[in-house]
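Hi,

Here is the structure I promised to pass on. Have a look at it first, and my notes follow below.

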Amino acid sequence: MKTDLVVDTKGLACPMPIVKAKKALDGLESGQIMEVLSTDKGSVNDFQAWVKQTNHELISYEEDNGIYKFFVKKI
């Protein structure tokens with residue numbers, strides 16, 4: 001998937017992946033896609049809740065060898 005920005009939050013625990021993602025997303029324009037990398041298992045639930053609260057779109061997420069990748073589209 002083509003992304004406009006990659007935010008690496010590996011090694012950070014809640015709430016830092018969301019905090020860093022929010023700051024990064026603020027710099028994007030509507031329709032752009034951000035990829036967030038995280039090693040925090042709790043980030044799956046955190047990102048699902050966060051996009052609902054902020055009305056952005058969680059296009060997809062995947063897990064590969066303990067690294068979670070989230071693709072978020074700014075609305």
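I started with the aromatic rings: searching the whole structure, which is a predicted model, turns up three aromatic pairs. One of them is F47 with W50, an edge-to-face pair with 5.8 Å from centre to centre and 90° between the planes. Both residues sit in helix α2 (residues 43-54), and because they are three residues apart there, about one helical turn separates them.

Are these two buried or exposed? F47 has 0% relative accessibility, so it counts as buried. W50 comes out at 8%, so W50 counts as buried too; the cut-off for that is under 20%. The pair also belongs to a wider group: F47, W50, Y61 and F70 make up one aromatic cluster.

Now for the chain as a whole. You'll find two helices and four strands, and starting at the N terminus they follow the order β-α-β-α-β-β. The radius of gyration is 11 Å, which agrees with the value near 11 Å that a compact globule of 75 residues would have. Along the principal axes, the C-alpha atoms fill a box of roughly 30 × 25 × 15 Å.

Of the 75 residues, 36% are buried. If you take contacts between residues at least 6 apart in sequence, 65% of them join residues at least 24 apart.

On the outside, the chain exposes about 4500 Å², with 49% of that coming from carbon and sulfur atoms. As for charge, there are 10 positive and 11 negative side chains, and the centres of the two sets are 4 Å apart.

Cheers

Terms used. Residues are numbered from 1 along each chain as its sequence is written. This is a predicted model: local features need pLDDT of at least 70, side-chain atom pairs count only at pLDDT 80 or more; totals for chains, interfaces and linings use all residues. Side-chain values use heavy atoms; hydrogens and water are left out. The radius of gyration is taken over C-alpha atoms; the globule rule is 2.2 Å times the number of residues to the power 0.38. Buried means under 20% relative accessible area, exposed over 50%, partly exposed in between (1.4 Å probe, protein chains only). Contact means heavy atoms within 4.5 Å. Accessible areas come from the Shrake-Rupley method with a 1.4 Å probe; for residues, only the protein chains shown count as cover. Lys and Arg count as positive and Asp and Glu as negative; His and the chain ends are not counted. The place of a charge is taken as NZ of Lys, CZ of Arg, CG of Asp or CD of Glu. Rings of Phe, Tyr and Trp (its six-membered ring) pair if their centres lie within 6.5 Å; planes under 30 degrees apart count as stacked, over 60 as edge-to-face and the rest as tilted.
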